[in-house]
Amino acid sequence: MKKIGILTSGGDCQGLNPALRGLAKALYERLGDVELYGFADGYRGLIENDCKLMHHDDFSHILTQGGTILGTSRQPFKLMRTAENEPGDKVEAMKRTYREMGLDALAILGGNGTHKTANLLWEEGLNIVTLPKTIDNDLWGTDVTFGFHSALNVATNVIDCIRTTATSHGRIFIVEIMGHKVGWLALYAGLAGGADIILLPEIPYSVEEVAKALKPKTRLGKSARTYSIIAVAEGAMTREYAAMGKKERKKHDAAHPCPSKAYALAEELRKYTQQEIRVCVPGHIQRGGSPVPFDRALSTRLGAAAAELIREEKYGYMVAVRGEAILPVPLGEVAGKLKYVPVDCDAVRCARDIGICLGD
Ligand code: F6P
């Protein structure tokens with residue numbers, strides 16, 4: 001009989017439960033004689049040996065549920081290890097739990113930070129298989145992560161809703177889309193929602209260029225364009241800010257406290273326009289609600305593919321999407337790398353081609 005541990009780690013997203021379901025169903029189906037142990041709150045459960053034996057029923061009726069039935073938490077990679085011979089090393093604690101429980105393998109569902117720790121555990125001798133989750137779609141080695149399409153759906157709906165009120169009032173609306181380091185979500189939501197301006201972490205912007213792209217408020221009958229919508233990624237930055245070093249940025253942030261980048265941009269833009277500006281920050285709403293059908297199907301496929309790797313005892317891999325296929329990618333190739341938006345990619349070019357301002 002095989003004993004398999006499962007955990008979901010890092011920020012949650014809408015495809016986690018369908019992925020757990022796909023993984024569990026395929027393991028029960030293909031392995032038959034298998035016990036699944038769910039660890040609570042990601043690596044925390046593995047560190048503290050907080051887990052429970054799961055049953056078939058636990059994975060029923062969760063296909064359409066957002067969040068994760070196992071719970072999740074952020075356990076920063078840099079805090080995993082303590083100095084040699086110091087007590088409290090989390091990696092040693094996780095290895096101890098794995099060995100004491102007699103696990104044959106561990107399936108880990110997570111994003112970037114999670115993959116660094118997963119790779120470390122693999123290098124330390126545990127049998128690891130991972131699944132790529134994150135609304136940011138920034139995991140190296142896979143075309144797409146589950147959660148991205150659901151978050152994109154929410155973010156696009158937000159822009160759609162904002163458009164009607166922006167039109168009525170003839171206002172400038174800045175919609176802040178999640179993505180600190182990488183702008184896939186802002187780029188796609190901006191395209192799907194018909195934003196006039198899209199600002200990404202990968203393309204530092206000039207406030208002046210953004211101001212130039214705003215549509216002026218005109219009298220009824222003169223022009224249909226009396227409002228502007230700016231989709232700005234959480235991590236978008238001005239050219240000046242991008243050029244600063246770490247210390248300089250810290251100083252700048254302390255001198256200009258602002259709830260977020262969207263509010264900072266609104267402040268800057270007020271110097272250039274008399275038009276009313278409003279900010280909308282949907283925040284974690286983007287990670288909530290039911291997964292869209294694409295994510296339900298993708299998560300199920302990735303779950304089943306991970307189960308197959310476990311059946312074959314092929315460890316040290318993340319199941320990844322490449323075109324129409326699902327393939328195993330070595331964890332060493334994935335860990336510690338981000339999939340940025342290439343500044344010359346087709347979607348960016350398309351945005352420019354249709355007249356969207358990218359702030360540069
Ligand atoms: O990694 C997913 C993500 O939603 C990012 O887009 C966002 O910057 C971050 O998590 C927010 O993290 P937290 O949920 O810890 O506030």
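## Close-up views of a sheet, its helices and a ligand

**View 1. Seven strands make up an open sheet in this predicted model.** Following the sheet across, you meet the strands in the order β3-β2-β1-β4-β5-β10-β11, and their pairing is mixed. Why do β3 and β11 each have one side without a neighbour in the sheet? Both β3 (51–53) and β11 (325–330) stand at the edges with a single partner strand, so one side of each is left free of a neighbour there. From one strand to the next, the twist averages 25°.

**View 2. Strands β10 and β11 run antiparallel.** Here you can follow β10, residues 317–322, which six bridges join to β11. To find one of these pairs, look for V319, whose bridge partner in β11 is P328.

**View 3. Helix α3 packs on the sheet.** This helix spans residues 90–101 and touches β1 (2–8), β2 (34–39), β3 and β4 (105–110). The direction of α3 makes about 155° with that of β2.

**View 4. Helix α4 lies across β4, β5 and β10.** Its residues are 112–123, and α4 runs at about 165° to β5 (128–132).

**View 5. The ligand sits among residues that include R74, D136 and G179.** Also surrounding the ligand are I135, M178, H180, E234, H284 and R287. Which atoms should you look for? A polar side-chain atom of R74 lies 2.8 Å from a ligand oxygen atom, and a polar side-chain atom of D136 lies 2.6 Å from an oxygen atom of the ligand. For G179, it is a polar backbone atom that is 3.4 Å from a ligand oxygen atom. On its own the ligand has 400 Å² of accessible area, and the protein covers 73% of that.

Notes
Residues are numbered from 1 along each chain as its sequence is written. This is a predicted model: local features need pLDDT of at least 70, side-chain atom pairs count only at pLDDT 80 or more; totals for chains, interfaces and linings use all residues. Side-chain values use heavy atoms; hydrogens and water are left out. Two strands pair if DSSP finds at least two bridges between them. Helices (H or I, at least four residues) and strands (E, at least two) are DSSP runs, numbered from the N terminus. Axes are lines fitted to C-alpha atoms, for helices over the stretch in contact, and angles run from 0 to 180 degrees between N-to-C directions. Contact means heavy atoms within 4.5 Å. A residue is near a molecule or strand if one of its heavy atoms lies within 4 Å of it. A polar contact is a pair of N or O atoms within 3.5 Å; within protein, one must be able to donate a hydrogen and the other to accept it, and residues adjacent in sequence count only if both atoms are side-chain atoms. Accessible areas come from the Shrake-Rupley method with a 1.4 Å probe; for residues, only the protein chains shown count as cover.
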